[in-house]
Every structure is written in C-alpha cells, then in structure tokens.
Amino acid sequence: MENITSRKNRIISHLRAVAADSAYRRECGEFICDGEKTLREALSFGAEIAVVLWKGSAGNVKLPESVSQYTAPGDLFEYASPLKSSAGPVFTVKIPEKRADLKPRRAIVLENLQDPGNVGTVIRTANAFNIDAVILVGACADLYNPKTVRASMGAIFRQRVLEMSISELRAFLDECKLPLSGAALSDKAEDMRNTDIKNAAVAIGSEGRGLSHELLSVCDGELIIPMNPDSESLNAAVAASVFMWEMAR
C-alpha cells in the first residue's frame, strides 16, 4: 500500500477533482464519499469502490483486491478530503449504470431543488418510506455532489434516483400509469388529506419559486399541505417528507 506524501500526487489531484467538479465526476464515472461507516454501507449494498485514501494508516475494513488503497499523513489527507476534520477514509465509488427497468408505484419528483443537503435528505427519507423512485428534473443539485451524498446518509447506495426532462417525466409516468400531482400554493390546489396518493407521483419545487409553469402544465392536479395560515411555506425537503409519509402510510 503506497503512502502518499505530496500534494501533487495524481491520487490527491483525482480526489480533489472528483469532490469539486461535477463534469469531472461524470467524465471519470466516480463520486466521493467519506467515513468508515459509509464505506461499510457501500460495500454491503454492492457499490463498486474504486480508490480508498486512509488517514495515517489503513483501517480494518476488508476490501476487494481490485480496490486501490493508499495512506496519507493527516495534513495531506485533510487537503484531499471534502469534509473538514474527517476521521477518514475518503473513497470514490463508481457511478452505477442507469437502468430502464423501473416501473414505480410511488415516486417523488424534485424540480430545481438546488440545495444538495435538501436533495440528499429527500433521498434518505424516500428510502425510509419505501418510495420507489426519486426523480430529479431541471436544475437540481448534482446527485453526486459530496454534500448530497453525505446528506443521504448511505441511502445513495440503496435508493433509485432518476434524472430526466419534463417531457421525459410525463412520458415515463404515462408508461407507468402513475398520476402526477404538483405541490402548489394555488386556489385550485386540493388538501392533500383528501386525495389518495398511495400510487402516484408528487412533484415538489424549489422553496423560493415553487414548481415551474411548464411542470404544473403536465400535472394531473395540484395539492397543498394544510398548515398554520401565518406560515408561508415549508422547507422543500420537509414538504417532500410530509407527502412521502402520506404516500406510505
């Protein structure tokens, strides 16, 4: 196992680029994770580990022989890691190939949700409530941004996440025979408690702007979460969680 001592080492450069550059992530087909717990989860759910950088000395996790392992002193490890004060390790995972065989019964759709923490939280919650798919539409945060991955708390390895355009979304849901409802603050939006969404898709927009007119135009209906009239709105991840709870209960 090689001990890295230089910031110019190709592995250090690679890890920093994977953490910082979404285009590079897609080009090399890897995303970055941190922590021994996350590493064990990745292995247990069949994720393909590419590179592991240990802090100081190697840990006790048994890895496949195909995995490239390295060590680095603390200061160099901190330089390579996207997380401050990480205990390590930092490792990259191969981005899985997209599968087209999914026919969801329940799906949550996120449009233009740009906060990676919110996207990761929705992925984590969707997995907890057995939602078949999270669908990202528009300018959502990168699925493989380190903050998205971290907020998912390991659900990134278990939860099916799809990325598509609005036209692709409508065609996909039609094929799956799933109605689509949009969460909206409008006069025609129905109280979510009065609508059966157990076999449906629900779309959530960004906290500031809500759903776009284009996405609302392909929805079969609009829904609203009843709340204190003094409250303008909920955080997007919280709103998505409320809908997913209703879909799953």
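Which residue in β7 does L110 stand opposite? In this predicted model, L110 stands opposite L136, and this pair is a good place to start a walk through the sheet. The strands β6 and β7 run parallel and are joined by five bridges. As background, the strands of a sheet pair through backbone hydrogen bonds, in either a parallel or an antiparallel way.

Widening the view, β6 and β7 belong to an open sheet of seven strands, arranged in the order β8-β7-β6-β11-β9-β12-β10, with parallel pairing. At the edges are β8 and β10 (190–191), each of which pairs on one side only. On the β8 side, β7 (residues 133–137) pairs with β8 in the parallel sense over four bridges. Within this pairing, V137 has M164 in β8 as its bridge partner.

How many of the residues of β7 are buried? Five of its five residues are buried, and the strand is mostly covered. In a regular strand, side chains alternate between the two faces of the sheet. The cover on β7 can be followed on each face: A133, I135 and V137 are buried on one side, while V134 and L136 are buried on the other. L136, the residue opposite L110, is thus met again here among the buried residues.

Helices are found against the sheet as well. Helix α5 (residues 116–128) lies across β6 (107–111), β7 and β8, and runs at about 160 degrees to β7. Helix α9 also packs on the sheet, where it touches β6, β9 (180–183), β11 (201–204) and β12. The direction of α9 makes about 170 degrees with that of β11. Strand β6 is touched by α9 and also has α5 lying across it.

Two single residues add detail. C176 is found in helix α7 (residues 166–176). Is C176 buried or exposed? C176 counts as buried because its relative accessibility is 13%, and the cut-off for buried is under 20%. Leaving aside neighbours within four places in sequence, C176 is in contact with L102, K103 and P104. C176 and L102 are 74 residues apart in sequence, yet their C-alpha atoms are 8.9 Å apart in space. The other residue, S81, sits in the loop between α4 (74–80) and β5. With a relative accessible area of 10%, S81 is buried too. Beyond its neighbours within four places in sequence, S81 is in contact with S86 and V90.

Empty space can be explored too: rolling a probe the size of a water molecule over the atoms shows where it is left. The largest pocket has a volume of about 470 Å³. Its lining holds 20 residues, and the closest to its centre are P96, E97, I156, F157 and Q159. The elements giving two or more residues to this lining are β5 (90–94) and β8 (161–164). By type, the lining divides into 11 nonpolar, two polar and seven charged residues.

The second largest pocket has a volume of about 370 Å³. It is lined by 22 residues, with A183, A184, L185, G210 and S233 nearest its centre. Here β12 (221–224) and α9 (236–248) are the elements that give two or more residues, and α9 provides the largest share, three residues. This lining divides into 14 nonpolar, five polar and three charged residues. Helix α9 thus appears twice in the picture, packing on the sheet and lining the second largest pocket.

Definitions and conventions:
Residues numbered from 1 in each chain as written. Predicted model: local features only at pLDDT ≥ 70, side-chain atom pairs only at ≥ 80, totals over all residues. Heavy atoms only, no water. 1 Å grid on protein atoms, 1.4 Å probe; cavity = no way out; pocket = protein on both sides within 12 Å on 5 of 7 lines; lining within 4 Å. Points joined across faces, edges and corners; volume = space filled by probe spheres on them. Nonpolar A, V, L, I, M, F, W, Y, C, P; charged D, E, K, R; others polar. Pairing = 2+ DSSP bridges. Contact = heavy atoms within 4.5 Å. Axes fitted to C-alpha atoms, helices over the stretch in contact; angles between N-to-C directions. Buried < 20%, exposed > 50% of the residue type's maximum accessible area, 1.4 Å probe, protein only.
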